Amino acid sequence: MGCAGSKENAAKQIRKPKPWNHSEPITRDQLVRMRDEFWDTAPHYGGRKEIWDALRAAAESDISLAQAIVDSAGVIVQAPDLTVCYDERGAKYELPKYVLSEPTNLIRES
């Protein structure tokens, strides 16, 4: 009864968050600003910079690449949409949906 494969089995398949609405319709520029602000400030609230960097890279990639990034960084995915993750030391990383996907009420500028 070895448990050699237990870590791999614990890894969750990640997926994009379910469709969601922002509190008010926002433009792509506003969304980009919110994302940049989050990534600039998040590391100051704890956790390791390299994990934050990996989570940002994963959030900005397609799902299969994102999966590879979190796996190689040793990120423990608690919520499959990446909104709650941990590192190997048990530090918690919470990502808002707006850094992971676009809201359904994004204003499409022509």
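The following questions and answers concern a predicted model of a protein chain.

Reader: How many helices and strands are there in the protein chain?
Author: Read along the sequence, the elements of this predicted chain follow the pattern α-β-α-α-α-β-β-β-α-β. In this pattern α stands for a helix and β for a strand, and the totals are five helices and five strands.

Reader: What is the average pLDDT of the protein chain?
Author: The predictor's confidence is given for each residue on a scale from 0 to 100. In this chain, 89% of the residues score at least 70, and the average pLDDT is 89.

Reader: Over which residues is the pLDDT below 50?
Author: Where pLDDT is low, the predicted coordinates should not be read in detail. The stretch in question has one contact in the model beyond near neighbours in sequence. The pLDDT is below 50 over residues 1-10.

Reader: Which helix gives the most residues to the largest nonpolar core?
Author: In soluble globular proteins, nonpolar side chains tend to be buried together. The largest nonpolar core here has 21 residues, and Trp39, Trp52, Leu55, Val70, Leu82 and Leu95 touch the most other members. Helices H2 (28-41), H3 (49-59), H4 (63-73) and H5 (97-100) each supply at least two residues of this core. With six residues, the helix that gives the most is H3.

Reader: Is Leu82 buried or exposed?
Author: Leu82 lies in the loop between strand E2 (76-77) and strand E3 (84-86). Leaving aside neighbours within four places in sequence, Leu82 is in contact with Ile14, Ala58, Val70, Val77, Leu95 and Leu100. The relative accessible area of Leu82 is 4%, and the limit for this class is under 20%, so Leu82 is buried.

Reader: What is the phi of Leu82?
Author: Leu82 is not a glycine, yet its phi is positive. The value is about 70 degrees.

Reader: Why does the pair of Phe38 and Tyr98 tie together parts that are apart in sequence?
Author: A search of the whole structure finds five aromatic pairs. Phe38 and Tyr98 form one that is edge-to-face, with 6.5 Å from centre to centre and 85 degrees between the planes. Phe38 lies in helix H2 and Tyr98 in helix H5, so the pair joins parts whose separation in sequence is 60 residues.

Reader: Is Phe38 buried or exposed?
Author: The relative accessibility of Phe38 is 14%. A residue under 20% falls in the class that applies here. Phe38 therefore counts as buried.

Reader: Are the rings of Trp39 and Trp52 stacked or edge-to-face?
Author: The ring centres of Trp39 and Trp52 are 6.5 Å apart, and their planes stand at 70 degrees. Trp39 is in helix H2 and Trp52 in helix H3, 13 residues apart, and the pair links distant parts of the chain. Trp39 counts as buried at 7% relative accessibility, and Trp52 is buried with a relative accessible area of 6%. Because planes over 60 degrees apart fall in this class, the pair of Trp39 and Trp52 is edge-to-face.

Reader: Which residues form one aromatic cluster?
Author: Two of the pairs described above are Phe38 with Tyr98 and Trp39 with Trp52. These four residues belong to one cluster, which also includes Tyr93. The cluster is formed by Phe38, Trp39, Trp52, Tyr93 and Tyr98.

Reader: What is the volume of the largest cavity?
Author: Rolling a probe the size of a water molecule over the atoms shows where empty space is left. The structure holds one cavity of 30 Å³ or more. Its lining is formed by Ile14, Arg15, Lys16, Pro17, Ala58, Ala59, Ile63, Ala66, Asp81, Leu82 and Leu100, and H3 and H4 each supply at least two of the lining residues. The volume is about 50 Å³.

Reader: Which residues is Arg15 in contact with, leaving aside its neighbours within four places in sequence?
Author: Arg15 is found in the loop between helix H1 (6-10) and strand E1 (26-27). With a relative accessible area of 37%, Arg15 is partly exposed. Arg15 and Gln67 are 52 residues apart in sequence and 8.8 Å apart in space, C-alpha to C-alpha. The contacts of Arg15 are Ile63, Pro80 and Asp81.

Definitions and conventions. Residues numbered from 1 in each chain as written. Predicted model: local features only at pLDDT ≥ 70, side-chain atom pairs only at ≥ 80, totals over all residues. Heavy atoms only, no water. Core = buried A, V, L, I, M, F, W, Y, C linked by side-chain atoms within 4.5 Å. Buried < 20%, exposed > 50% of the residue type's maximum accessible area, 1.4 Å probe, protein only. Helix = DSSP H or I, 4+ residues; strand = E, 2+ residues; numbered from the N terminus. Contact = heavy atoms within 4.5 Å. Phe/Tyr/Trp six-rings, centres within 6.5 Å; stacked < 30°, edge-to-face > 60°. 1 Å grid on protein atoms, 1.4 Å probe; cavity = no way out; pocket = protein on both sides within 12 Å on 5 of 7 lines; lining within 4 Å. Points joined across faces, edges and corners; volume = space filled by probe spheres on them.
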